[in-house]
Amino acid sequence: MVITMPRGTQDILPEESKKWQYIEEKLRKISDSFCYEEIRTPMFESTELFSRGVGDTTDIVQKEMYTFMDKGNRSITLRPEGTAGTVRSYIENKLFAKTIQPQKLYYVGPMFRYERKQKGRYRQFVQYGVEVIGEESPKIDAEVISLAYNIYKSFGIENIKVSINSLGNPEERQAYNEALVKHFEPRINEFCEDCNNRLYKNPMRILDCKVDAEHELIKNAPKLLEYLGEESKQYFAEVLRHLDALGVKYEVDHNLVRGLDYYTHTAFEIMIDNPEVELKTLCGGGRYNGLIKLLDGPEDKKGIGFALSIERLLLALESENIELPIDDTIDAFVVAMGEKAGDAGVKLTNDLRLAGYKAQSDYFDKKMKAQMKLADRYNAKFSIIIGDSELDNGQYVVKDMKTYDQENVEFDNIVKYLEEKLKGEK
Ligand code: HAM
């Protein structure tokens with residue numbers, strides 16, 4: 001039987017891979033401009049990191065983790081997200097002792113969740129995420145949200161909307177959760193099984209239920225805002241004020257709760273603002289002030305971040321009909337006629353490659369016409385032709401594949417010639 005890839009995974013073939021490289025490069029450049037530095041953490045961690053960090057009652061921990069016992073009888077989990085690992089590393093490597101605080105970190109890499117396969121939902125997907133860990137300020141929250149927002153803008157994705165909410169501090173959340181239990185308890189039998197399970201463990205997640213979204217009790221549930229103290233309200237107002245100043249368009253959504261347990265205060269998501277697109281959420285994040293302490297780090301350190309998946313960024317590009325400017329040309333195709341010229345062609349191709357040019361030639365002594373065809377297929381900018389007469393007079397014939405102009409170029413001058421011609425393109 002033919003072996004196929006596991007459900008929920010995908011092969012990224014070369015043509016598609018060029019898009020991924022373009023996106024990843026751009027993400028790295030933007031991160032660099034915002035002064036975020038890359039962190040690379042393991043793709044698997046101790047299971048306890050996620051059950052403690054992401055939260056025992058979350059869908060991720062309850063249903064979606066790839067967990068196994070390794071040969072040393074340790075429970076290991078393929079990372080379902082990047083925040084817990086980054087915070088673990090911040091603590092373990094004492095990044096809190098660095099002179100620059102907060103530490104501004106970013107990561108790009110595969111995450112694993114056992115989810116039902118749907119459009120834009122994979123079991124292995126690549127997240128780009130940032131985490132700002134150390135000190136807290138509304139300016140940091142606004143910067144993180146503006147970074148996420150401007151990533152989409154920089155790709156030309158205009159139809160997006162930022163939804164934002166404040167989840168307050170743990171005490172405020174506790175009071176709110178109690179109010180929600182009171183609100184839902186009498187009629188919880190009208191809700192789905194998941195909501196029944198969530199009622200006492202994590203009642204805020206009922207607000208986020210896809211099955212019961214239209215239920216009147218969800219629509220008229222108490223609002224978290226009413227449970228926020230002055231300090232939390234003030235902090236949230238400051239974040240919004242900075243977002244205004246940075247030109248980030250947002251909507252306050254009091255029902256936004258997010259699916260992970262570690263959030264406090266600012267929480268946000270970025271969605272596609274297009275009624276024809278079903279899967280709307282492109283990116284999510286928020287502040288997690290308690291997580292560092294929860295993972296046994298210094299009590300006074302706080303964090304905020306977000307993550308997006310490249311798979312959904314690609315979907316957004318597709319739904320907005322945006323083509324990425326992928327360069328699928330090569331600089332030169334060497335066309336060689338005859339045995340001696342063939343050898344010289346191999347050497348020239350190699351020299352061009354070592355000089356930093358993308359160069360290719362034919363391996364099979366094909367006829368001139370077939371080699372020129374191949375040059376076209378490779379989208380070569382120039383073909384460099386060598387035959388017996390070229391070998392005799394020490395000059396290549398160089399053909400511009402767009403204009404069909406031809407020039408003779410001395411052997412020794414070929415690199416210089418290409419350099420001149422391709423100036424501005426490299
Ligand atoms: P999350 O909302 O679970 O948050 O995931 C963030 C983003 O990852 C989603 O908005 C979506 O773009 C993408 N994503 C999630 N699951 C899948 C999937 N199965 N297939 C494709 N894309 C997916 C987190 O992961 C948090 N760690 C974000 C964060 C960072 N909060 C603070 N810092």
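The largest cavity of this predicted model has a volume of about 70 Å³, and a search of the whole structure finds one cavity of 30 Å³ or more. Beyond that enclosed space, the briefing covers the second largest pocket, an open sheet of eight strands in mixed pairing, an open sheet of three strands with antiparallel pairing, the helix α15 at residues 414-421, and two individual residues, Gln-124 in strand β6 and Leu-354 in helix α12.

**Cavity and pocket**

- The lining of the largest cavity is made up of Leu-167, Arg-173, Asn-202, Met-204, Arg-205, Val-257, Arg-258, Leu-260, Asp-261 and Tyr-263.
- The second largest pocket holds about 900 Å³ of space, and 35 residues line this pocket, of which Asn-169, Pro-170, Tyr-263, Thr-264 and Gly-290 are the closest to its centre.
- Two or more residues of that pocket's lining come from each of α2 (47-53), α6 (170-184), α7 (193-201), α9 (230-245), β9 and α10 (291-294), and the largest share, eight residues, is given by α6.
- Tyr-263 appears in both settings, since it is listed in the lining of the largest cavity and is also among the residues closest to the centre of the second largest pocket.

**The eight-stranded sheet**

- The eight strands follow the order β1-β5-β6-β11-β10-β9-β7-β8 in an open sheet whose pairing is mixed, and its edge strands, each of which pairs on one side only, are β1 (37-38) and β8 (250-252).
- Helix α1 (residues 14-33) packs on this sheet, where it touches β1, β5 (103-112) and β6 (124-134), and the direction of α1 makes about 160° with that of β5.
- At the β1 end of the order, β1 and β5 run parallel and are joined by two bridges, with Glu-38 having Tyr-106 in β5 as its bridge partner.
- Between β5 and β6 the strands run antiparallel and 10 bridges join them; within this pair Lys-104 stands opposite Val-132 in β6.
- How many of the residues of β5 are buried? The count is 10 of the 10, so β5 is largely enclosed by the rest of the structure.
- Elsewhere in the sheet, strand β9 (residues 264-272) and strand β10 (residues 281-287) run antiparallel and are joined by six bridges, and the bridge partner of Glu-269 in β10 is Gly-284.

**The three-stranded sheet**

- This open sheet has the strand order β2-β4-β3 and antiparallel pairing, with β2 (44-46) and β3 (66-69) as the edge strands that each pair on one side only.
- With direction ignored, neighbouring strands of this sheet are turned by 30° against each other on average.
- Three bridges connect β2 with strand β4 (residues 75-78) in the antiparallel sense, and Phe-44 stands opposite Leu-78 in β4.

**Helix α15 and its surroundings**

- The buried residues of α15 (residues 414-421) are Ile-414, Tyr-417 and Leu-418; seen down the axis of α15, these residues fall within an arc of 95°, so they line one face of the helix.
- The face of α15 that is turned away from the buried side carries the exposed residues Lys-416 and Glu-420.
- Which elements are included in what covers the buried residues of α15? The cover includes β12 (330-336), α12 (339-354), β14 (380-386), β15 (395-400) and β16 (406-410).

**Two individual residues**

- Gln-124, which lies in strand β6, has a relative accessible area of 35% and is therefore partly exposed, the range for that term lying between 20% and 50%.
- Leaving aside neighbours within four places in sequence, Gln-124 is in contact with Gly-8, Thr-9, Pro-110, Met-111, Phe-112 and Glu-311.
- The C-alpha atoms of Gln-124 and Arg-7 are separated by 9.5 Å, although these residues are 117 residues apart along the chain.
- Leu-354, whose place is in helix α12, has a relative accessible area of 70%, which is over 50%, so this leucine is exposed.
- From C-alpha to C-alpha, Leu-354 and Ser-389 are 26 Å apart in space, while in sequence they are 35 residues apart.

Technical notes:
Residues numbered from 1 in each chain as written. Predicted model: local features only at pLDDT ≥ 70, side-chain atom pairs only at ≥ 80, totals over all residues. Heavy atoms only, no water. Buried < 20%, exposed > 50% of the residue type's maximum accessible area, 1.4 Å probe, protein only. Helix = DSSP H or I, 4+ residues; strand = E, 2+ residues; numbered from the N terminus. Arc of directions from axis to C-beta. Contact = heavy atoms within 4.5 Å. Pairing = 2+ DSSP bridges. Axes fitted to C-alpha atoms, helices over the stretch in contact; angles between N-to-C directions. 1 Å grid on protein atoms, 1.4 Å probe; cavity = no way out; pocket = protein on both sides within 12 Å on 5 of 7 lines; lining within 4 Å. Points joined across faces, edges and corners; volume = space filled by probe spheres on them.
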